[in-house]
Amino acid sequence: MFPKLIKHVSYTQIRLEQKFVGKNVELIIDRLRCVGCGICSRVCPQDAISIGPKVTSYGKEKQFDEKLIDNSIDEEKCVFCGTCSILCPFDALHLFKDGKKVEPAENTLVTKQAIPKLEIQYLPMTRINQTAMVYWEGEIKTNFEFPTSEKEFHQHYINKCPGDCRKCLKICPNEAISFLPAENAWKSKKIIEIDNTKCIKCRACSIVCPQSIFEVKWTKIHFSGPVNECFWTPLVNKLLKVNSSLTGQKELS
């Protein structure tokens, strides 16, 4: 019977396929390119994409080790609009129509000016050997609270924040995060250093951190040309909201 909806989940991708009598459409999440930034979940008009700290880590060898992020598509909600594929900074989501990939510039949402032209900086990422398409400005800060005594701090440092977690280190696509040695951290009252020359404020660290230590805010979206404000403005508001909740997750702030 048509239309027919099929969902394929594998080690490397999640693929939704909807078949009609005369055409078919597909949406694919490439798990090898996904860095867990959660932008797709924020901008999906149907709240069809969920992402959270569960599935995977990646490296230059493109191999999975410790499970860090989880991504999924609700096949009952997805309308194959391709908003996620247009705004994904790592080219991890792809829309196909009748077997042909729909490039962002060819998407109806762009040609009909529901989404404007994004002004993109192409920045190479050191850790994942990919290029990020950055179209925003942002800020990042950490909110780790130091205990009053050094003894308590050392217990806290070992057992709570970094300990053996280091999920933020594993997930940062550009190696922008580092931890100070415990003694230096106590003296400087800072445990995490963020290299702002490398950090692109993608929010992956804030999603995966079990202690909600990272606060990432986007301050501006760079775009040009005419746009349908009724469609675009709600998307921008979602992107600019600090640590806003993602589908399937609790509010982080």
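This passage walks through two buried residues, the cysteines and two pockets of a predicted model.

A good place to start is glutamate 17, which sits in strand β2, a stretch that covers residues 13–19. Although glutamate belongs to the charged class, glutamate 17 has a relative accessibility of just 9%, so it counts as buried. Its side chain has polar company there. One polar contact, at 3.1 Å, links the side chain of glutamate 17 to that of arginine 15. Another, at 3.5 Å, runs between the side chains of glutamate 17 and asparagine 24. With neighbours within four places in sequence set aside, the residues in contact with glutamate 17 are Lys4, Leu5, Ile6, His8, Asn24, Val25, Glu26 and Phe80. Asparagine 24 thus turns up twice, as a polar partner of the glutamate 17 side chain and in this list of contacts.

Tryptophan 218 makes a second stop, this time in strand β14, which spans residues 214–221. With a relative accessibility of 1%, tryptophan 218 falls under the 20% cut-off and is therefore buried. Its side chain comes to 2.7 Å from the backbone oxygen of lysine 201. Lysine 201 also appears among the residues that tryptophan 218 touches once those up to four places away in sequence are left out; the others are Ile39, Tyr135, Trp136, Glu137, Gly138, Arg203, Leu239 and Leu240. The fold also brings together distant parts of the chain here: tryptophan 218 and isoleucine 140 are 78 residues apart in sequence, yet 8.7 Å separates their C-alpha atoms.

The cysteines come next. The structure has zero disulfides, and two cysteines help to show why. For cysteine 168, the closest cysteine sulfur belongs to cysteine 209, and the 6.5 Å between the two sulfurs is too far for a bond. Cysteine 172 tells a similar story, because its closest cysteine sulfur, in cysteine 202, lies 6.4 Å away, again too far for a bond. A disulfide would need the two sulfur atoms to be within 2.5 Å. Both of these cysteines are buried: cysteine 168 has a relative accessible area of 6%, and cysteine 172 has one of 10%.

That leaves the pockets. The largest pocket holds about 310 Å³ of space. It is lined by 21 residues, and those closest to its centre are Ile86, Pro104, Ala105, Leu118 and Ile120. Four elements each supply two or more residues to this lining, namely α2 (83–87), β6 (93–97), β7 (100–102) and β8 (117–118). Of these, β6 gives the most, with three residues. Sorted by class, the lining of the largest pocket comes out as 15 nonpolar, two polar and four charged residues.

The second largest pocket contains about 220 Å³ of space. Its lining is made up of 18 residues, with Gln121, Leu123, Val134, Cys199 and Ile200 closest to the centre. Here the elements that contribute two or more residues are β9 (121–125) and β11 (136–142), and β9 gives the most, with four. The classes in the lining of the second largest pocket are eight nonpolar, six polar and four charged residues.

Definitions and conventions
Residues are numbered from 1 along each chain as its sequence is written. This is a predicted model: local features need pLDDT of at least 70, side-chain atom pairs count only at pLDDT 80 or more; totals for chains, interfaces and linings use all residues. Side-chain values use heavy atoms; hydrogens and water are left out. Buried means under 20% relative accessible area, exposed over 50%, partly exposed in between (1.4 Å probe, protein chains only). A polar contact is a pair of N or O atoms within 3.5 Å; within protein, one must be able to donate a hydrogen and the other to accept it, and residues adjacent in sequence count only if both atoms are side-chain atoms. Contact means heavy atoms within 4.5 Å. On a 1 Å grid over the protein atoms alone, a cavity is a set of points where a 1.4 Å probe fits but cannot get out, and a pocket is an open set with protein on both sides within 12 Å along at least five of seven lines; lining residues have an atom within 4 Å of a point. Grid points are joined across faces, edges and corners, and a volume is the space filled by probe spheres set on the points.
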